[in-house]
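Reader: I should like to learn how to read the features of a protein model. Could the general idea of each feature be set out before the case at hand?

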Amino acid sequence: MDSEPARPRAFSGIQPTGTVHLGNYLGALRNWAKLQETTDGVYCIVDLHALSVPREPGEIRRATIEAAKDLIAIGIDPVRSTLFVQSQVREHTELAWLMQCVAAVGELRRMTQYKDKSETNDFVSAALFTYPTLQAADILLYDTQIVPVGDDQRQHIEFTRDLANRFNSRYGDVLVVPEHQIPQAGARVMDLQHPENKMSKSADSPQGTVLLTDSEAEIARKLKRAVTDNDGEVRYDPVDKPGVSNLLAMLAVATDGDPVALADDYTQYGPLKADTSAALIELLRPVQKRRAELDDAATIALLEHGAEKARAVAGPVMERVRSAVELLA
Ligand code: TYM
């Protein structure tokens with residue numbers, strides 16, 4: 001990775017909080033892999049973000065290694081791209097502090113992810129509240145132009161842009177203002193049992209969540225039992241028909257099709273579920289095969305090398321920021 005790449009830089013992150021699910025994959029990770037063709041990709045496992053809710057010692061370390069395997073199996077090439085762990089590059093927390101200094105409490109209170117999580121968690125940490133300032137630091141440390149994410153991250157990326165612009169108006173033209181990239185289809189994969197909610201790692205709905213590591217039989221079973229509705233019409237309408245539309249959206253991403261057009265091919269839910277299930281199994285088969293071949297030691301070594309590459313970019317950007325703020329060198 002060069003500090004001034006000829007290709008635009010893409011940056012994104014994922015929390016290591018259990019196995020990657022289909023929402024992560026269809027909404028974001030597939031695009032990370034694809035973007036490697038045209039951009040300089042920097043992909044981060046954000047372990048410090050995952051600590052914003054209480055965890056047992058060691059839990060995040062294990063999950064970090066598993067997440068790295070997921071990403072490599074999905075096709076993130078640790079040689080071509082930079083794949084690293086957030087806590088191994090100290091500049092992230094340093095820049096996060098400076099971001100907190102330009103962030104307003106009122107803005108942070110309006111973040112929907114904070115509102116949702118602070119309502120459902122017993123212990124609401126200060127880190128959960130300042131979470132988006134660390135996310136902004138992640139992105140801005142790499143002079144990022146493109147941030148490939150699912151729809152639920154839209155507000156955080158908008159906030160990152162606001163912080164970068166505010167910082168620049170205070171200290172000069174220091175930070176690159178990034179753009180989000182959210183896919184047409186798959187940006188919001190819904191829970192199979194509660195299709196009004198997004199598929200999520202934290203949701204207490206194992207039957208509604210397809211994991212990257214689920215066996216073919218498990219995927220087939222979960223799809224077969226997916227909640228639909230009673231009107232029997234196959235139509236893409238995420239508001240009135242969230243369950244059926246979710247199936248169509250997943251089928252569309254897996255087959256490079258269009259959810260509205262695909263609806264015309266079906267008159268019943270059964271065949272739609274069967275085809276979606278078959279397409280997803282097909283899509284995940286090579287990923288699962290690659291994942292099974294990866295071992296811990298080699299994965300940890302790849303991450304260490306990734307952190308070195310990341311530091312080579314983050315270090316100079318942090319120096320630029322420090323000198324713009326005029327901190328003592
Ligand atoms: P996280 O770990 O929750 O999710 C990782 C990526 O997966 C996407 N995603 C989904 N897409 C479609 N449908 C779903 N049901 C679904 N669930 C998750 C997310 O949009 C995300 O792109 N705050 C971030 C992590 C982060 C980050 C960053 C992202 C930290 N720093 C810098 C981008 C840039 C998060 O919790 O993602």
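**Cavities, cores and single residues**

Author: Let us begin with enclosed spaces. This structure, which is a predicted model, holds 2 cavities of 30 Å³ or more.

Reader: What volume does the largest cavity have, and which residues line the largest cavity?

Author: The volume of the largest cavity is about 40 Å³. Its lining is made of Gln113, Tyr114, Lys117, Leu128, Tyr131, Pro132 and His156. Two elements give two or more residues each to that lining: helix H6 (112-120) and helix H7 (126-140). Sorted by class, the lining has 4 nonpolar, 2 polar and 1 charged residues.

Reader: Which residues line the second largest cavity?

Author: The second largest cavity, with a volume of about 30 Å³, is lined by Asp191, Leu192, Pro195, Ala226, Val227, Gly243, Asn246 and Leu247. By class, this lining has 5 nonpolar, 2 polar and 1 charged residues.

Reader: Is His156, from the lining of the largest cavity, buried or exposed?

Author: The general idea is to compare the relative accessible area with a cut-off: under 20% counts as buried. His156 has a relative accessible area of 3%, and therefore His156 is buried. The residue belongs to helix H8 (residues 154-171).

Reader: With which residues is His156 in contact, once its neighbours within four places in sequence are left aside?

Author: Such contacts show what surrounds a residue apart from its own stretch of chain. For His156 they are Met111, Gln113, Tyr131, Pro132 and Gln135. With Gln135 there is also a polar contact, in which the two side chains are joined at 3.1 Å.

Reader: Where is His49 found, and with which side chain does the side chain of His49 make a polar contact?

Author: His49 is part of helix H2 (residues 47-50). Its relative accessible area is 3%, so His49 is buried. The side chain of Gln86 makes a polar contact of 3.3 Å with the side chain of His49. In addition, a polar atom of the His49 side chain lies 3.3 Å from the backbone nitrogen of Gln135. Gln135 therefore appears in two places in our reading: its side chain has a polar contact with that of His156, and its backbone nitrogen is paired with His49. Neighbours within four places in sequence aside, His49 is in contact with Gln15, Gln86, Tyr131, Leu134, Gln135 and Asp138.

Reader: How many residues does the largest nonpolar core have, and which residues have the most contacts inside it?

Author: One looks here for buried nonpolar residues that are joined through their side chains. The largest nonpolar core has 52 residues, and Tyr25 and Met250 have the most contacts inside it. Outside its neighbours within four places in sequence, Tyr25 is in contact with Val20, Arg30, Ile74, Leu212, Leu283, Leu284 and Val287. There is also a second, separate core of 44 residues, which includes Ala103, Ile139, Phe167 and Val321.

Reader: Which residues other than glycine have a positive phi, for example near 55° or near 65°?

Author: To read this feature, one notes the sign of the backbone angle and then the place of the residue. Asp256 has a phi near 55° and is placed in the loop between helix H10 (242-255) and helix H11 (259-263). Exposed means over 50% relative accessible area; Asp256, at 66%, is therefore exposed. Glu326 has a phi near 65° and lies in the segment after helix H13 (296-325). At 70% relative accessibility, Glu326 also counts as exposed.

Reader: How does Glu179 count, at 48% relative accessibility?

Author: A value between the two cut-offs is called partly exposed. Because its relative accessibility is 48%, Glu179 counts as partly exposed. Glu179 is in strand E5 (residues 179-181). Residues up to four places away in sequence not counted, Glu179 touches Gln145, Ile146, Val147, Ile157 and Arg161.

Reader: How may sequence separation be set beside separation in space?

Author: One takes two C-alpha atoms and reads both values. Glu179 and Tyr142 are 37 residues apart along the chain, and their C-alpha atoms are separated by 13 Å. Ala279 and Arg9 are 270 residues apart along the chain, with 31 Å between their C-alpha atoms. Ala279 itself lies in helix H12 (residues 269-292) and, at 13% relative accessibility, counts as buried.

Notes: Residues are numbered from 1 along each chain as its sequence is written. This is a predicted model: local features need pLDDT of at least 70, side-chain atom pairs count only at pLDDT 80 or more; totals for chains, interfaces and linings use all residues. Side-chain values use heavy atoms; hydrogens and water are left out. On a 1 Å grid over the protein atoms alone, a cavity is a set of points where a 1.4 Å probe fits but cannot get out, and a pocket is an open set with protein on both sides within 12 Å along at least five of seven lines; lining residues have an atom within 4 Å of a point. Grid points are joined across faces, edges and corners, and a volume is the space filled by probe spheres set on the points. Helices (H or I, at least four residues) and strands (E, at least two) are DSSP runs, numbered from the N terminus. Ala, Val, Leu, Ile, Met, Phe, Trp, Tyr, Cys and Pro count as nonpolar, Asp, Glu, Lys and Arg as charged, and the others, Gly among them, as polar. Buried means under 20% relative accessible area, exposed over 50%, partly exposed in between (1.4 Å probe, protein chains only). A polar contact is a pair of N or O atoms within 3.5 Å; within protein, one must be able to donate a hydrogen and the other to accept it, and residues adjacent in sequence count only if both atoms are side-chain atoms. Contact means heavy atoms within 4.5 Å. A nonpolar core is a set of buried Ala, Val, Leu, Ile, Met, Phe, Trp, Tyr and Cys residues joined through side-chain atoms within 4.5 Å.
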